[in-house]
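Student: Could you go through this structure with me and explain the reasons behind the words people use for it?
Tutor: Gladly! Have a look first, and then ask away.

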Amino acid sequence: MQLRVSSFEDVKESAQPRAAQPRVFPLPLLKIFLPLFALVAVGFSVFGVYVTRRIGVLPAAAVGGLFRPLCVEEPPSLDRWVRPPADLMHSMNDEELFWRASWVPQVKKYPFKRVPKVAFMFLTRGPLPLSPLWEKFFRGHEGRYSIYVHALPSYQANFTSASVFYERQIPSKVSEWGQMSMCDAERRLLANALLDISNEWFVLLSESCVPLLSFNITYQYLIRSRYSFVGVTDDRGPYGRGRYNASMAPEVTIEQWRKGSQWFQVKRKLAVSIIKDTTYYPKFEKFCRPHCYVDEHYFPTMLAIQSPNLLANRSLSWVDWSRGGAHPATFGKVDVTEAFLKRIIGGRNCSYNDQPSRICYLFARKFAPSSLGPLLQLAPIPLGLG
């Protein structure tokens, strides 16, 4: 057998790399995938712009095989601290909300033009049957008020975008009459309203409340007042001191125990005091149980202890207890007359800024849904709501 020995030229030729054959991407597939790639690129671009505008963060970029966010800080601006939340619905729990709402500027002079607003806070189970009257009340006064509604979590309002109540519901929980959950709902309303730094006054209302005077009179009455309006009385009977539990001492003694209406009107300073309280809340939560009716005692007692010099010791919400019972009188269609409203508005004497006044009430309750018709008819006369 003969073995063939390759020459140097043969080895050299065989060692030369062969030219790579060009690979061509099939034209039909190219026509399919090219528009798809373009669509994906546009999608990522749009998503990046959205994320940047919403939270100031650019889309994640791959760095060393890991995805790392590229953060872009929002330029320092006073506007971010001044503007109210664009959306009242948020994911904060109560603890987070109260902490955020308790921030207080230490420099008292505002470095911007601040128009003080009145926050109208509606505590209701569901619908607001008297909302058409309130629409008249608020009309034309934008920029001087804000609205917050705490309803049952399952309730979905159906106000149109033209309504002042449109998208004014806040995150809520179930609240029960006479329970601490009622005070929690009121604190929740205050905390959400405090997030708007322009809110100076905070008015608690129910779905059965009505305004008694025009917006201008109501606004000026509140803004010019030196005191907050919280009903505070030392009731020594069974429905006052008789509800006191000695276990609340030493934070609350029987001599400090107070009673009052839950429907308050308070300035910003007291609103912050209410939502940041951790001293009295645990005592009332634990020892002011049913038949104590905590919503009638917690705020009046706490504020009377902490800030007695800031209270007018009365509420601006009129109510009729003359019929007796656990609840005040409710007024329907046949009750609402011009004489009836005038009697509520001007039939009292009280103190306003330490001076005698004939205007003692700005709001009234309880009015049934059937009262809406006559209220709307009479609004241009005694209420000045033309």
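Tutor: Let's start with a group of charged residues: Asp234, Arg236, Arg241 and Arg258 are linked in a network of salt bridges. Before we go on, remember that this is a predicted model, in which local features need pLDDT of at least 70 and side-chain atom pairs count only at pLDDT 80 or more, while totals for chains, interfaces and linings use all residues. Residues are numbered from 1 along each chain as its sequence is written, and side-chain values use heavy atoms, with hydrogens and water left out.

Student: What makes the pair Asp79 and Arg83 a salt bridge?
Tutor: The term asks for a side-chain nitrogen of Lys or Arg within 4 Å of a carboxyl oxygen of Asp or Glu. In Asp79 and Arg83 the closest N and O atoms are 2.8 Å apart, so the pair qualifies. A search of the whole structure finds 13 salt bridges.

Student: Why is Asp79 called partly exposed?
Tutor: Buried means under 20% relative accessible area, exposed means over 50%, and partly exposed is in between (1.4 Å probe, protein chains only). Asp79 has 42% relative accessibility, so it counts as partly exposed. Its partner Arg83, at 41%, counts as partly exposed too.

Student: How do you know that Asp94 and Lys173 meet in a salt bridge?
Tutor: Their N to O distance is 3.8 Å, so it falls within the 4 Å limit. This pair links distant parts of the chain, 79 residues apart: Asp94 is in helix α4 (residues 94–101), and Lys173 is in the loop between β4 (145–150) and α6. Helices (H or I, at least four residues) and strands (E, at least two) are DSSP runs, numbered from the N terminus.

Student: Is Asp94 buried or exposed, and why?
Tutor: Asp94 has 16% relative accessibility, so it counts as buried. Lys173, at 45%, counts as partly exposed.

Student: What makes Arg226 and Asp354 a link between distant parts of the chain?
Tutor: They are 128 residues apart, with Arg226 in the loop between α7 (215–223) and β7 (265–267), and Asp354 in the loop between β9 (350–352) and β10 (355–357). They form a salt bridge, the closest N and O atoms being 3.0 Å apart. Arg226 at 47% counts as partly exposed, and so does Asp354 at 48%.

Student: Why is Lys286 called exposed?
Tutor: Its relative accessible area is 56%, which puts it over the 50% limit, so Lys286 is exposed. You will find Lys286 in helix α9 (residues 281–287).

Student: Why does Asn192 count as buried?
Tutor: Asn192 has 4% relative accessibility, which is under 20%, so the word fits. Its place is in helix α6 (residues 180–194). Not counting residues up to four places away in sequence, Asn192 touches Leu88, His90, Leu97, Tyr148, Ile170 and Pro171; contact here means heavy atoms within 4.5 Å.

Student: And what about Leu375? How do you know that it is buried?
Tutor: Leu375 is at 1% relative accessibility, so it counts as buried. It lies in helix α12 (residues 372–378), and among the residues it touches are Leu133, Val210 and Phe367. The C-alpha atoms of Leu375 and Thr337 are separated by 8.3 Å, although the two are 38 residues apart along the chain.

Student: What makes a group of residues a nonpolar core?
Tutor: It is a set of buried Ala, Val, Leu, Ile, Met, Phe, Trp, Tyr and Cys residues joined through side-chain atoms within 4.5 Å. The largest one here has 49 residues, and those with the most contacts inside it include Phe120, Trp134 and Phe367. This core draws at least three residues from each of domain 1 (84–102 + 113–316) and domain 2 (317–385), with bounds that come from an automatic or database domain assignment. Apart from it lies another core, of 46 residues, among them Leu270 and Phe299.

Student: How much of the chain is buried?
Tutor: Buried residues make up 43% of the 386 residues in the chain.
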